Amino acid sequence: MNFVNQKLMDIYTSTKEQTMAFCKKCENTFGNSEEFVIQYCYCPDKYIDIKTRIMFVGQDPNGWGYITEISDAMKFTQDALQNIDWHAPYWRFIHELECAINGEKELSRDYIFWSNIFHVLADVDPHLMLRNSELTMEYLDHFQTLSAEIAAADPNILIFLTGPNYDLYIERIFRDVQFMPVSQTFDVRELARLTHKNLPDNTFRLYHPGYANRYRDRLWEPVMQEVKAHIHM
């Protein structure tokens with residue numbers, strides 16, 4: 001196990017009991033209609049060794065397996081990244097942006113670290129918790145692990161593929177974060193640089209690739225090139 005995964009294991013171990021109790025609270029709130037599960041991240045070895053470490057953050061894993069043992073759950077994530085359809089817009093965007101920065105390769109799954117804003121989600125309806133604002137804010141205030149994962153992974157570049165509608169959740173985790181324009185080419189909703197003491201200098205928030213794919217001429221390759229052009233190294 002590499003040292004980043006060991007740090008992640010320590011994070012998840014120290015928060016597991018409380019997070020599982022929160023899952024049970026969510027199940028009780030929604031009348032036990034769904035089982036709530038926890039996603040645990042996995043860091044590939046090649047991410048650590050690559051010259052420019054890029055971490056991608058999504059909204060949520062959009063459905064996940066239920067595994068109680070942390071090591072097995074991290075292995076589940078590792079296996080999932082191997083089996084995901086990398087032709088899907090979300091993963092294709094990650095691959096193309098990583099290659100634009102670090103050079104062409106067959107697949108980028110072994111060279112990136114991937115996480116999400118939300119790691120607790122309903123098994124069938126991943127967005128169920130978001131319909132209850134109290135539970136959502138309680139999760140962000142007390143149970144989110146994203147901030148600790150960023151510290152453990154120590155990326156050179158951090159990319160939020162969450163879209164502007166999730167900015168309020170980022171603001172809840174990183175109090176006083178600023179969303180700054182990158183250039184005159186894109187407005188802040190389309191592309192923003194995030195500034196905060198606990199975020200890398202090269203932190204950007206983009207549209208979700210599913211949305212960008214619908215406006216590909218303006219929000220796909222042009223955004224990638226804009227990000228690349230404004231990386232401070």
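## Tyr pair at Y211 and Y215

Y215 counts as partly exposed, at 39% relative accessibility. This is a predicted model, and the value is computed from it. Y211 is partly exposed too, with a relative accessible area of 27%. Both values fall between the 20% cut-off for buried and the 50% cut-off for exposed.

## Aromatic pairs

A pair of aromatic rings is described by two things: the distance of the centres and the angle of the planes. Rings pair here if their centres lie within 6.5 Å. By this rule the model has 17 aromatic pairs. One of them joins F93 and W220. Their ring centres are 5.0 Å apart and their planes stand at 90°, so this pair is edge-to-face. The cut-off for that label is over 60 degrees.

The F93 and W220 pair links distant parts of the chain. F93 belongs to helix α4, residues 89-102. W220 sits in the loop between α9 (216-219) and α10 (221-229). The two are 127 residues apart. F93 is buried, and W220 is buried as well.

Y211 and Y215 give another geometry. Their ring centres lie 5.0 Å apart, with the planes at 40°, so the pair is tilted. There is also an aromatic cluster, formed by F22, F118, Y139, F143, Y166 and Y169.

## Charges over rings

W220 has a charged partner as well. The charged end of R216 sits over the ring of W220, 4.0 Å from the ring centre. A Lys takes a similar role at Y111: the charged end of K105 sits over that ring, 5.0 Å from its centre.

## How α1 packs

Helix α1 spans residues 3-29. Which helices does it pack against? One is helix α3, residues 70-83. The angle between α1 and α3 is about 125°, and their axes are 10 Å apart. That makes α1 oblique to α3. The crossing of these two helices is right-handed. On the α1 side, N5, L8, M9, Y12, T13 and K16 take part. They meet I70, S71 and M74 of α3.

Helix α6, residues 146-153, is another partner. Here the angle is about 160° and the axes are 9 Å apart. An angle over 145 degrees counts as roughly antiparallel, so α1 is roughly antiparallel to α6. This crossing is right-handed. V4, K7, L8, I11 and Y12 of α1 make the contact with A148, E149, A152 and A153 of α6. L8 and Y12 thus appear in the contacts with α3 and with α6.

Helix α5 packs against α1 at an angle of about 175°, with the axes 11 Å apart. That makes α1 roughly antiparallel to α5. F22, K25, C26 and T29 of α1 meet L135, E138 and Y139 of α5. F22 and Y139 are also members of the aromatic cluster.

## Three buried loop residues

T162 is found in the loop between β5 (157-160) and α7 (167-173). Is T162 buried or exposed? Its relative accessibility is 2%, so T162 counts as buried. Leaving aside neighbours within four places in sequence, T162 is in contact with V57, G58, Q59, I117, I170, R205, L206 and H208.

Y207 lies in the loop between β8 (202-206) and α8 (209-212). Y207 is buried, with a relative accessible area of 15%. That falls under the 20% cut-off. Beyond neighbours within four places in sequence, Y207 touches L161, G163, P164, R189, E190 and L219. E190 is 17 residues from Y207 in sequence. In space, the two C-alpha atoms are 6.0 Å apart.

L128 is in the loop between β4 (120-122) and α5 (133-142). L128 is buried, with a relative accessible area of 8%. Setting aside neighbours within four places in sequence, its contacts are F30, E34, F36 and A122. How far is L128 from F143, C-alpha to C-alpha? The two are 17 Å apart in space and 15 residues apart in sequence.

Methods. Residues numbered from 1 in each chain as written. Predicted model: local features only at pLDDT ≥ 70, side-chain atom pairs only at ≥ 80, totals over all residues. Heavy atoms only, no water. Phe/Tyr/Trp six-rings, centres within 6.5 Å; stacked < 30°, edge-to-face > 60°. Helix = DSSP H or I, 4+ residues; strand = E, 2+ residues; numbered from the N terminus. Buried < 20%, exposed > 50% of the residue type's maximum accessible area, 1.4 Å probe, protein only. Lys NZ or Arg CZ within 6 Å of the ring centre and 35° of its normal. Contact = heavy atoms within 4.5 Å. Axes fitted to C-alpha atoms, helices over the stretch in contact; angles between N-to-C directions. Parallel < 35°, antiparallel > 145°, perpendicular 65-115°, else oblique. Left-handed = near helix turned anticlockwise from the far one by under 90°.
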